[in-house]
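Got your viewer open? Here is a short tour, one selection at a time.

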Amino acid sequence: MNLYGGQVNKLIEELESLPGIGSKSAQRLAFHLIGLPEEKVNRIANSMIEARKNVRYCSCCCTLTDKEICPVCANKSRDQGTIMVVESPRDLAAYEKTGRYEGVYHVLHGAISPMMGIGPGDIKLKELITRLEGDVNEVIIATNSSLEGETTAMYISKLIKPTGIKVSRIASGVPVGGDLEYIDEVTLFRALEGRVVL
Ligand code: ZN
């Protein structure tokens, strides 16, 4: 039933297509947006457009950034020889929140999943291997403890071991299948400290 005319429905539809937004939330957001001052709505819309246009992968660690090199990679006080491999920029953010990791990251943008047809070539693995030609002391694999995360961890460790670079895996204690971003900082830090050499 078209209660409000096409434009309101269109807005609700677009919002509803976003992850985690059901039809009720979409409706609530739509009415909220319509009730805002026009200039505020322009700011929100522009920040979406600008981010979409300018955000790209860090040329070093592949996280999202609007710079050539992200702030973590550019930070000279970070230990550039320790690379933590994570699945997504959200996982990176979760570890940054602990405030206690001093190395740098590598973001895979996914995990190997034979069931979903995602192979090693579909994630940012080549980029990681290229980085290992530099001065690297340790690679800490912090993929999720899901089946895909474990498969990816195993694949990476097999790839790196022949190079002689130390490879470790964050400790279990991170709930199985748990997305890293939902785990509290203390648990994450313990998982990092308790990592085991593979
Ligand atoms: Zn970076």
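Start with the lining of the largest pocket and colour it by residue class: nine of its residues are nonpolar, two are charged and none is polar. Bear in mind as you click around that this is a predicted model. To see the lining, select K10, L11, E14, L15, L18, L29, L33, V41, I44, A45 and M48. Lysine and glutamate belong to the charged class, so K10 and E14 are the two charged residues of the lining. If you show the pocket as a surface, expect a volume of about 270 Å³.

Which helices should you switch on around the largest pocket? Show α1 (6-16), α2 (23-35) and α3 (38-54), each of which contributes at least two residues to the lining. As for finding such spaces at all, rolling a probe the size of a water molecule over the atoms shows where empty space is left.

Now zoom out for the overall picture. As cartoon, the protein shows eight helices and seven strands. Its C-alpha atoms fit a box of roughly 65 × 35 × 35 Å along the principal axes. The protein has 198 residues, and 38% of them count as buried.

Next, select the zinc ion. What holds it on the protein side? Pick the SG atoms of C58, C61, C70 and C73: these are the donors, and they lie 2.3 Å from the zinc ion. Check the angles among the four donor atoms and you should get 105 to 117°, which makes the site tetrahedral. Along the sequence, the donor residues follow the spacing C-x2-C-x8-C-x2-C.

Are C61 and C70 buried or exposed? C61 has a relative accessibility of 1%, so it counts as buried. C70 is buried too, at 2%; the cut-off for buried is under 20% relative accessible area.

Stay in the area of the sequence and click on C62, in the loop between β1 (56-57) and β2 (64-65). C62 has a phi near 70°, a positive value for a residue that is not glycine. For context, most residues other than glycine have a negative phi. C62 counts as buried because its relative accessibility is 4%.

For another positive phi, jump to H109, where the angle is about 60° and the residue is again not a glycine. H109 sits in the loop between β4 (103-107) and α6 (125-131). With a relative accessible area of 24%, H109 is partly exposed.

Keep the loop between β4 and α6 on screen and select D122, which is also found there. D122 counts as exposed because its relative accessibility is 52%, and the cut-off for exposed is over 50%. What does the side chain of D122 reach? Draw a distance to the backbone nitrogen of G119, and you should read 2.8 Å. Then try a longer ruler: from the C-alpha atom of D122 to that of P37 is 43 Å, with the two residues 85 apart along the chain.

Last stop: S168, in strand β6 (residues 166-169). Is S168 buried or exposed? At 0% relative accessibility, S168 counts as buried. Show its side chain together with that of E138, and you'll find a polar contact between the two at 2.6 Å.

Conventions:
Residues are numbered from 1 along each chain as its sequence is written. This is a predicted model: local features need pLDDT of at least 70, side-chain atom pairs count only at pLDDT 80 or more; totals for chains, interfaces and linings use all residues. Side-chain values use heavy atoms; hydrogens and water are left out. Donors are N, O and S atoms within 2.8 Å of the metal (3.2 Å for Na, K and Ca); water is not among the atoms, so sites may look incomplete. Four donors count as tetrahedral if all angles lie between 85 and 135 degrees; four count as square planar and six as octahedral if opposite donors are over 155 degrees apart and all others between 65 and 115; anything else is irregular. Buried means under 20% relative accessible area, exposed over 50%, partly exposed in between (1.4 Å probe, protein chains only). On a 1 Å grid over the protein atoms alone, a cavity is a set of points where a 1.4 Å probe fits but cannot get out, and a pocket is an open set with protein on both sides within 12 Å along at least five of seven lines; lining residues have an atom within 4 Å of a point. Grid points are joined across faces, edges and corners, and a volume is the space filled by probe spheres set on the points. Helices (H or I, at least four residues) and strands (E, at least two) are DSSP runs, numbered from the N terminus. A polar contact is a pair of N or O atoms within 3.5 Å; within protein, one must be able to donate a hydrogen and the other to accept it, and residues adjacent in sequence count only if both atoms are side-chain atoms.
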